[in-house]
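Here is a friendly walk through the packing of this chain, with one helix looked at in more detail. Have the viewer ready and follow along.

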Amino acid sequence: MSADSTFGPAGETPARSAGSPQHSAAARRPPASVTSAVEVRRSSRRSRTVSAYREGDRTIVLIPARMSEAEERRWIGVMLDKLAAQESKKVIGDSELSELAERLSGQYFGGRARPASVRWVTNQNTRWGSCTPAEGSIRLSHRLQGMPEYVVDYVLLHELAHLLVPGHGPRFWHLLEAYPRTERARGYLEGVVAAERLPHLPAAREA
């Protein structure tokens with residue numbers, strides 16, 4: 001590859017129903033249950049509200065202790081959708097993007113990737129990000145704004161990795177193995193590209 005490498009908060013909601021009264025079996029229930037990166041924490045001090053937040057690669061959902069299993073499953077879906085909607089509206093500026101790059105480099109690359117500049121650009125419509133190692137500059141496409149945070153994190157990590165390994169060889173992909181959502185983020189971006197290539201369907205005619 002040339003010197004210029006390219007790469008194409010929490011919500012709280014009142015619960016309508018707390019389910020059936022808590023019984024002795026529920027009292028012995030473990031304080032948290034984990035299902036595919038979602039951790040549910042029941043609290044006897046929480047009577048009507050449900051809240052959720054991100055904690056690393058997990059989503060923490062806080063619910064009343066008396067909530068039924070069916071209500072728990074329903075509220076997990078509700079809160080995941082709510083968090084996703086909140087995240088899709090967040091747009092960070094260049095300064096926050098630089099701070100994010102520093103945090104990600106420290107967390108996954110031991111702080112070895114140190115960009116001189118990180119910024120959004122509007123002239124990258126066929127690639128998600130680019131990096132010029134000789135200058136230490138990283139540019140992310142504005143099209144990423146509004147996508148899930150883990151996708152932006154992945155693209156930024158991808159470009160940070162180019163500061164350490166310019167090409168896309170085994171050493172490069174080994175670096176990105178440290179990020180647990182690499183495959184998920186790649187799948188998301190591939191889905192976006194595939195959707196953009198679909199033909200536009202004609203509008204339905206009114207009867």
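In this predicted model, the largest nonpolar core has 32 residues, and the members that touch the most others are Phe109, Leu140, Leu144, Leu156, Leu157, Leu160 and Leu189. At least two residues of this core come from each of the elements in the table.

| Element | Residues |
|---|---|
| Helix H3 | 94-108 |
| Strand S7 | 117-121 |
| Strand S9 | 137-141 |
| Helix H4 | 149-164 |
| Helix H5 | 170-176 |
| Helix H6 | 182-196 |

H4 gives the largest share of this core, with nine residues. As for Leu157, its contacts beyond four places in sequence are Leu104, Tyr108, Phe109, Leu176 and Tyr179. A second core, separate from this one, has eleven residues, among them Val38, Val50, Met67 and Ile76. As a general point, nonpolar side chains in soluble globular proteins tend to be buried together.

Now let us turn to H3. This helix of 15 residues reaches 21 Å from its first C-alpha to its last, close to the 21 Å expected at 1.5 Å a residue. Which residues of H3 are buried? They are Leu97, Leu100, Ala101, Leu104, Ser105 and Tyr108. These residues lie on the same side of H3 because they cover an arc of only 135° around the axis. Their cover includes S7, S9 and H4. On the face turned away from the buried side, H3 carries the exposed residues Glu102, Arg103 and Gln107. Just after H3 comes Gly110, with a positive phi of about 65°.

Methods
Residues numbered from 1 in each chain as written. Predicted model: local features only at pLDDT ≥ 70, side-chain atom pairs only at ≥ 80, totals over all residues. Heavy atoms only, no water. Core = buried A, V, L, I, M, F, W, Y, C linked by side-chain atoms within 4.5 Å. Buried < 20%, exposed > 50% of the residue type's maximum accessible area, 1.4 Å probe, protein only. Helix = DSSP H or I, 4+ residues; strand = E, 2+ residues; numbered from the N terminus. Contact = heavy atoms within 4.5 Å. Expected span 1.5 Å × (residues − 1). Arc of directions from axis to C-beta.
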